Amino acid sequence: ASFGNLSDRLATTFKNLRGKGKLSPADVDGTVREIRRALLDADVALDVVKEFTGRVRERALSDEVSKALNPAQQVVQIVNDELITILGGQQRRLEFSKQPPTVIMLAGLQGAGKTTLAGKLAKWLAKDGHTPILVAADLQRPNAVTQLQVVGSQAGVPVFAPEPGNGVGNPVRVAKDAIKYAKDKQHDVVIVDTAGRLGVDAEMMKQAADIRKAINPDEVLFVIDAMIGQDAVATAKAFQAGVDFTAVVLSKLDGDARGGAALSVASVTGRPIIFASTGESLDDFEPFHPDRMASRILDLGDIMSLIEQAQSAFDEEESRKVAEKFATDTFTLEDFLSQMQQLKKMGSLKNMLGMLPGARGMKEQLENFDESELTRTEAIIQSMTPTERRTPKLLNGSRRARIARGAGTTVTEVNGLVNRFEQAAKMMKTVAKGGMPNIPGMGPI
Ligand code: GDP
């Protein structure tokens, strides 16, 4: 959601190009200027914007575009490529130590979301068969230890903390003891939460650097609140100079601030973004994929994430069938209904719908979306005959009126549902065909 405005601006820019058979240098300049303004208004750092637009401009003026069948589409493709590049290119995975435990240290300002992230990461790792332990090396804030204990119990993961009543304690010592403890108890991942301050401050930085030196972590994750805007770059640079980090975690990506931080940090620090945090619940967390994020920004949809989320809720057999149906254009409203019923198991439908291509265009519906809409949608589909569900083309005006009456709703709502369904099915089909090579567990589509 952080990129709402940016997405809208880029969409308008591209819309102005559409239908042009050839792009003149003036068209390219105009487009690049619009992109530049949109990025700056989204709080993307100036240096990053300059580099980005420079590359887009150069490529947009090259043969790559002038020889393309559809120059406008080609420009979207270029912007997509370059967005992926500034977001770090390839997905970066967590590095595990060959000799466990793998030590992961978290650093960042107070309120950035470190403690929450510790819980999210631990839960995610535990689900994957790891045996993580959380370490409270934030002894600055009086209730930081308690907060980590709460998060730990939510995640079902133990927390190593200094005995209460021992005064302020020494975080370096706690971190070292924790690693020894983890070795003894066979915890294969140690996640060390460290103290933050509201602003960058030398003492905090030194403490973090001391912890780092003492425990020699495999990963140092710098957690940054995606909503802090222009300050992001300076903060990231300060942490890089003070502690250095191996990767970045963007938190609060669910917020509606401008989000430029997200687009600047990887470029400015040369460190990849590894995870994204998208809400307060421990499940609002995912590995970061530059290409998927670019697609979301450009409103090309994030089908891969959608499918993965679906996979975790559906069994493999089911997922395979659905993918096949998309590819062969045999996905029906009946399937849609049964999927929706399954979806109820998997948390926020709103988040999921937001990943569909064109979701920006349905912004208002999404914002006003309440989960009871699901019930209404079910009612609409249930008012259809089985034949209608399988062949939505049959749905003429009188059938739609009958269905609306049956579901206690309006024809407009019925139309809306059918349109959404058709768009989604079409898009899924294209994507499925356009090569989603070998999704694990699904086989090549
Ligand atoms: P810390 O000081 O860096 O340890 O930050 P906390 O983990 O205590 O998080 C600060 C606040 O941000 C808490 O109220 C969290 O619930 C909230 N928070 C953390 N991550 C997210 C996120 O991804 N989205 C949203 N909306 N809130 C978050």
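Okay, one definition before anything else: when I say two strands pair, I mean that DSSP finds at least two bridges between them. And keep in mind that this is a predicted model.

So, the sheet. There are eight strands in it, and they form an open sheet with mixed pairing. Reading across, the order goes E3-E2-E4-E1-E5-E6-E7-E8. Now, which strands stand at the edges? Those are E3, residues 159–160, and E8, residues 285–287. Each has a single partner strand, so one side of each is left without a neighbour in the sheet.

Let's stay at the E3 end for a moment. E3 pairs with E2, residues 132–137, and they run in the parallel sense, over two bridges. If you want to find that spot on the screen, look for valine 135, whose bridge partner in E3 is phenylalanine 160.

Two helices lie across this part of the sheet. Helix H7, residues 144–155, lies across E2, E3 and E4, with E4 being residues 189–194. Helix H8, residues 171–184, lies across E2, E3 and E4 as well, and also across E1, which is 102–107. As for direction, H7 runs at about 165° to E2, and H8 is also at about 165° to E2.

On to the ligand, which I guess is what most of you came for. What surrounds the ligand? It's 18 residues, and the closest are Gly113, Lys114, Thr115, Thr116 and Ser277. Helix H6, residues 114–127, gives the most to that shell, with three residues. By character, the shell splits into twelve polar residues, five charged and one nonpolar.

One more helix, H12, residues 290–297. Is it covered or open? Mostly covered: seven of its eight residues are buried. The buried ones include two arginines you may want to look at, Arg292 and Arg296, along with Met293 and Ile297. After H12 comes aspartate 299, and its phi is positive, near 60°.

Last thing, how far to trust all this. Mean pLDDT for the protein is 84, and 84% of its residues reach 70 or more. Among the elements, E1 has the highest mean pLDDT, 97, while helix H17, residues 363–367, has the lowest, 63. Then there's residues 435–445, where pLDDT stays under 50. For that stretch the model has 16 contacts beyond four places in sequence. For the model as a whole, ipTM is 0.98 and pTM is 0.73.

That's it from me.

Technical notes: Residues numbered from 1 in each chain as written. Predicted model: local features only at pLDDT ≥ 70, side-chain atom pairs only at ≥ 80, totals over all residues. Near = placed C-beta within 6 Å. Helix = DSSP H or I, 4+ residues; strand = E, 2+ residues; numbered from the N terminus. Nonpolar A, V, L, I, M, F, W, Y, C, P; charged D, E, K, R; others polar. Contact = placed C-beta atoms within 7 Å. Axes fitted to C-alpha atoms, helices over the stretch in contact; angles between N-to-C directions. pLDDT = per-residue confidence, 0-100. Buried ≥ 20, exposed ≤ 12 C-beta atoms within 10 Å, placed from the backbone.
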